[in-house]
4 protein chains.
Amino acid sequence: VTTEQKPAAISKSRLEFLFDGVFAIAMTLLVLELRIPELTARHSTHELAHALTEQTSTFFSYVLSFIVLGLLWYRHNHQYPQFRRITGGMVILHFVQLATAAFFPFCAALFGRYPFNPLSGVIYVACILTYGWASLGNWIVAERSGSLEAEITPAEFKRTRNRLFVRCLALTGMLGFYLVKVLVQ
Amino acid sequence: VTTEQKPAAISKSRLEFLFDGVFAIAMTLLVLELRIPELTARHSTHELAHALTEQTSTFFSYVLSFIVLGLLWYRHNHQYPQFRRITGGMVILHFVQLATAAFFPFCAALFGRYPFNPLSGVIYVACILTYGWASLGNWIVAERSGSLEAEITPAEFKRTRNRLFVRCLALTGMLGFYLVKVLVQ
Amino acid sequence: VTTEQKPAAISKSRLEFLFDGVFAIAMTLLVLELRIPELTARHSTHELAHALTEQTSTFFSYVLSFIVLGLLWYRHNHQYPQFRRITGGMVILHFVQLATAAFFPFCAALFGRYPFNPLSGVIYVACILTYGWASLGNWIVAERSGSLEAEITPAEFKRTRNRLFVRCLALTGMLGFYLVKVLVQ
Amino acid sequence: VTTEQKPAAISKSRLEFLFDGVFAIAMTLLVLELRIPELTARHSTHELAHALTEQTSTFFSYVLSFIVLGLLWYRHNHQYPQFRRITGGMVILHFVQLATAAFFPFCAALFGRYPFNPLSGVIYVACILTYGWASLGNWIVAERSGSLEAEITPAEFKRTRNRLFVRCLALTGMLGFYLVKVLVQ
């Protein structure tokens, strides 16, 4: 495969813009799962505190999910400048990443509501894992179509690929752990 | 019609920005239609799995609608750089496109909830079709007002116009199919 | 007041960005007021059509409000490039504009639900009017603080100011009409 | 610590973009807490007025929270250009700022619903305070890692640091006031 075969399918800056927009919105929609409790005694701090502690796991899921989305966004910041252009296949893989990021508030809400239900864990981890495989796929497709920046050596490409692969394996392990818990229930 | 008659009505980059923003938000709002189920046995994977499968068609509509919005956005990426400037008529047509894109989460939610109700299909397809006609209109208005990039030949203009027209016809056919189903009910 | 007294309070491009973001989100949130109806016969197009027609005024309000937000955004596109810099007072007036634009989905939902309740009309028009006065204020403050682009002549400044003023008067008239209807009820 | 030790962890413009996006969305989500009342007499302005006045504190919280988010955003506009680059630690502190800004609509809704419940006040102020400490932390970390713009003198650095510190102290005082009210209840 030579470098010139596949043309850029899309403007790099516009895809980056859509990407950042979807992440900003997904991060901010996480908060919608937190409910304002209905109090009978409106001034009672005890009743409000009690009602809020019932949502403890949702608060925890909010923080965890914000960190997850932040990490994914942060890593995309490192990966994206290494792409010289975006081919058609890479657009599709980016849309898989966007679809999972936009889907993540649902996973976060489900995990926050049912943290000890193994199926919530399966869905939560599977969403991140799908994102991860798409990210790894982007890296491999970019190299095969000659879309990586010229200064990236084959050794650097492999190092990054292996790092992404190990992360996907770790997530697959976590997914397996939750799947086993589902099956033994 | 000479090229200089109609001035640019708006900054190209700001309209692009608004366009990308509306699409990013519409894509992310799709997820709000998915409901966190209420479980009686919070740890039961069977009950959660059962509750989620009741939303199967909503999940399917989420994926389908994400692909539709992605495709529309992707094609706008190809069309937009071919406009040399944006005239007043093109601003109006772009707002029709934006209004249908922003309306799409409602169509997606309706289609996800009632996938076998032909009226849901009518509304879903009519929304995409309205977007399609506005997109075709943009292309024709741009040519008539001399707002296409200079390097686009008349033959290229016609090829693209015909392609857009065929797509609108295909969607009109789908709409007719659903309308017949509504009428025969 | 000389041109050099007041420094720019803020980056023009970042305020424009925030402005466009708030408008894109407000436009897209309008759709959240449309409700997916609960059907007893899930496949019945008659029941779905009947349930949707109960929301006719909300659909109408959606379209009207999208046009209003589109018009306000479009006019800001013409006004903003005429500002050479943004002073502190102009930042405050822009935040009034942003607060009313972000508040507009509530007005649109209220007007859609109770279109024949004069108080809905009062709130709807008052929201646009507040935006209008802030926009007029921006224009006047920009001139007084020497923040208009140098090529704008005093005659042009006055023409635009008077045009904005007439629009605010027209909206004030509409507000008065609704207020009278509230009072005579 | 020399200036060259820590490399930039992230593109300045992309972090700014995410920041502005999250703020635009948080500002616009504030409106979702306002509820469209259910009226029995749909045309009655008295009933609508009465129903809306029941949400007075939510309206007040909307305005207050818009001003708070506007102020935080405005100050970030002044702080951010003084950073020459963004280090890893500064990315983390920015994510703390983003998480609190995205969390703010929940605090605003809680404060609007239960304005006289001291615990609402605690949560509202604590959210702003966390943002404030992260902002102060950014300033200090930027100086220590040599990431401030070269023209900022040590005296200027200290003046800004002390101003941020005083603001955090004032917020801590407010938090203490509310905490005392919680404890004496």
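At what angle do the axes of helix H4 (residues 88-113) of chain D and helix H5 (residues 118-144) of chain D cross? Keep that in mind as you open the viewer, and remember that this is a predicted model.

**Stop one: a helix pair in chain D**

Select residues 88-113 and 118-144 of chain D, which are helices H4 and H5. Their axes cross at roughly 165° and come within 9 Å. Because angles over 145 degrees count that way, H4(D) is roughly antiparallel to H5(D). The crossing is left-handed. Color the contact by residue class and you'll find 17 nonpolar residues, nine polar ones and no charged ones.

**Stop two: a visitor from chain A**

Keep H5(D) on screen and add residues 45-53 of chain A, helix H2. H2(A) and H5(D) pack at about 55°, with their axes 8 Å apart, and that makes the pair oblique. Now show side chains. From H2(A), pick A:Thr45, A:Leu48, A:Ala49 and A:Leu52; across from them in H5(D) are D:Pro118, D:Leu119, D:Ser120 and D:Ile123. This contact has six nonpolar residues, two polar and no charged.

**Stop three: inside chain A**

Hide chain D and select helix H3 (residues 56-79) and helix H4 (residues 88-113) of chain A. Here the axes come within 7 Å, again crossing at roughly 165°, so H3(A) runs roughly antiparallel to H4(A). The crossing of H3(A) and H4(A) is right-handed. On the H3(A) side, try residues including A:Ser57, A:Ser61, A:Leu64 and A:His76; on the H4(A) side, those they meet include A:His94, A:Phe104, A:Phe111 and A:Arg113. By class, the contact of H3(A) with H4(A) has seven nonpolar, seven polar and one charged.

**Stop four: chain A against chain B**

Zoom out and bring in chain B. How do you get chain A onto chain B? A rotation of 90° with 0.0 Å of shift along its axis does it, with an RMSD of 0.0 Å. That is how a four-fold axis relates copies. The two copies use different surfaces, though: 15% of the contact residues of chain A recur in chain B.

Next, select the contact itself: 34 residues from chain A and 37 from chain B. About 3,100 Å² is buried between these chains, and carbon and sulfur atoms give 71% of that. To finish, highlight A:Arg14, A:Phe106 and A:Tyr114. Together they supply 25% of the area chain A buries against chain B, more than any other three residues.

How values were computed
Residues numbered from 1 in each chain as written. Chains lettered and ligands numbered in written order. Predicted model: local features only at pLDDT ≥ 70, side-chain atom pairs only at ≥ 80, totals over all residues. Heavy atoms only, no water. Least-squares fit on C-alpha atoms with pLDDT ≥ 70 in both. Contact = heavy atoms within 4.5 Å. Axes fitted to C-alpha atoms, helices over the stretch in contact; angles between N-to-C directions. Helix = DSSP H or I, 4+ residues; strand = E, 2+ residues; numbered from the N terminus. Parallel < 35°, antiparallel > 145°, perpendicular 65-115°, else oblique. Left-handed = near helix turned anticlockwise from the far one by under 90°. Nonpolar A, V, L, I, M, F, W, Y, C, P; charged D, E, K, R; others polar. Buried area = accessible area lost by both parts, 1.4 Å probe.
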